[in-house]
Amino acid sequence: MKLDRDTSHEPENCTILTVEVSELSKVQSVLSKLHGNNNITGRIVLLTYDHNSVQFYESRTSGWMVIMNDIDDPFVPLPLDSLAFNPDEFFGSFINNIGHLRNDNGPATSRITPGIPVVETVLKVAAKLLNNNAGSISKVISIVRHLAPHKSQENEELLMKASQKYLDLAGQFSEKGISLDLFAFGGNINNLSQVCQLTGGTEYFYPQYTAERDELLFLDDLICSITEAGNYYNATLELKCSPGIHVKHYLGNLTTRNGVAHIGCLNAKTGIGIELDYRGKYPLQDIPRFQAILVYTNGATRHRRIRIINFVARELSMSYNKIVNGADQYAILSLLVRGTLARLFELARKELRDQVQQQLVSILAAYRINSGGGEAGSTEPSTQLVFPASLNVLAVHILGFMNSPLLRLIRLQDDSRIHFGQQLVRSSINQLSLALYPRVLGLSGLGDQYDTKPVRTLLVNDVFVVYDGLRLPFIYVPRQVNPELVADVFGTADVLALGAYDTQLPVLDTPVNEYARKLLAEFGGKGFQLAREELDGATYYIYGLMVEDEYISFLNELHYNVRDYIESKNNWNVWN
């Protein structure tokens, strides 16, 4: 049963856009393209900042700039109503003239000064501005490049947790129902990235931003962040259970307080996991009942609403085969991945990998113990690794997770690991599956029948579209490929003549080109990134997506671990 009810008033919508001065010209050209977008309806405040001041722009005087230099104890010199622009004015005359407005205030305020910008200060100012906007749609969008470097730590394998001042800031945002979206063009995103996660926001990372290639993606991401349609704000989620069952963890981009999940912003693509626990044996005669209560503000209508979902378990069973046959492997995958990400800053990569693999081993061992590889109740080691039909692709997805940038045992910048983790933790189940087991399609097949496995050795003699749902689709051109096929796709047979930053295919009257454009439209329609073997760095990212390369050896390792697990255990209570 579902109950969806309007609960209250129509709140005010306000978005605060904070932009580092060094990024202002880049952002200005993108923001001007949002003029006339009817999906942006709320008020917008712009705050710019450098290493020693925060600049405010007064809406009633067409953008007169006010400077606040008190970095240690920041204050708000003007009320919110005096700083808020309507979208037409903001994306039109104000953004187009902001360079002149800054110059009119004198050279001392317009020059870009060296040093680390005061990101923490400007976010505190934003929180103070939105302090009286409680219950409304409140969002902060921060566009940064220069972030303070991390302090060194003894264990380099352990990702550093955000400093306490940023965790406190995340707490302030969460309590006020404010979400933070981060657009980062530079490194050291650790602190702000965790603020995004705890407030239900989204982190966008462009480590090697190139306008020719990335501006369209940046614009699309910014539109998704700043528009209200399809987004739900200032949400709380609580799951009530039958006596004896309780919520152990809420997992995702959220903060948990007093048994309730607080989510600053969510939409249809937001993934949230709930891990349940119970004490002792649950009586078979009592059918478990659950009630999920979600309270949120609708971004399109601005109404505060409550949605109540009541559901009852179909049956309880002591038959392990019944339970396994009804298992949802993608839900299991989601809980395993989100549970691992919840401990991302507590354990080193090797420990996280071992934990994930051990969880998979225990699942397969429990199946063998209770099904006996075909002989129910047998605990003799089987000569082969046995998978239930309901979990037939779980292992390859776990392998993809272990070989992802997050857990791969290679030297990689922490920012890349953190960014990948943030992408996974907010993903829906479908997005998560795609990220860990990407689509690889050869264009000469002209259909899904040529949907190939992600194996590096198969990436020959064709042009491939590779898509993991986290980045733009790649068009991979191997070194050994028929020039006529390249000409049919790109309009030229010379691979070297292709533009490294091209993101759109030409429209050609060839079946291969038409099929390629159809695939790109299905995969988001935002363009593509070219990956030519031995020419473009994107090829190394694609090689990292080839999950099946190590699958056979991974299965062998799983088989030995399951066998050892069974032989070493004396207690077969698989529920512990």
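**Exercise 1. Work out whether Asn403 is buried or exposed, and find what surrounds this residue.**

Step 1: Asn403 has a relative accessible area of 16%. Buried means under 20%, exposed over 50% and partly exposed in between (1.4 Å probe, protein chains only), so Asn403 counts as buried.

Step 2: Now place it. Asn403 sits in the loop between helix 13 and helix 14; helices are DSSP runs of H or I, at least four residues, numbered from the N terminus.

Step 3: Look for partners. Skipping residues up to four places away in sequence, Asn403 touches Arg353, Arg408, Gly544 and Glu550, where contact means heavy atoms within 4.5 Å.

A quick word on the model: it is predicted, so local features need pLDDT of at least 70 and side-chain atom pairs count only at pLDDT 80 or more, while totals for chains, interfaces and linings use all residues. Residues are numbered from 1 along each chain as its sequence is written, and side-chain values use heavy atoms, with hydrogens and water left out.

**Exercise 2. Describe how helix 13 and helix 19 cross, and which residues meet there.**

Step 1: Their axes (lines fitted to C-alpha atoms over the stretch in contact, with angles from 0 to 180 degrees between N-to-C directions) come within 11 Å and cross at roughly 105°.

Step 2: Helix 13 is therefore roughly perpendicular to helix 19, a label for angles of 65 to 115 degrees.

Step 3: From helix 13, Ala395, Val396, Ile398, Leu399 and Met402 meet Tyr551, Phe554, Leu555 and Leu558 of helix 19.

Step 4: Leaving aside neighbours within four places in sequence, Ile398 also has Leu333, Leu336, Val356 and Leu360 among its contacts.

Notes:
Helix = DSSP H or I, 4+ residues; strand = E, 2+ residues; numbered from the N terminus. Parallel < 35°, antiparallel > 145°, perpendicular 65-115°, else oblique.
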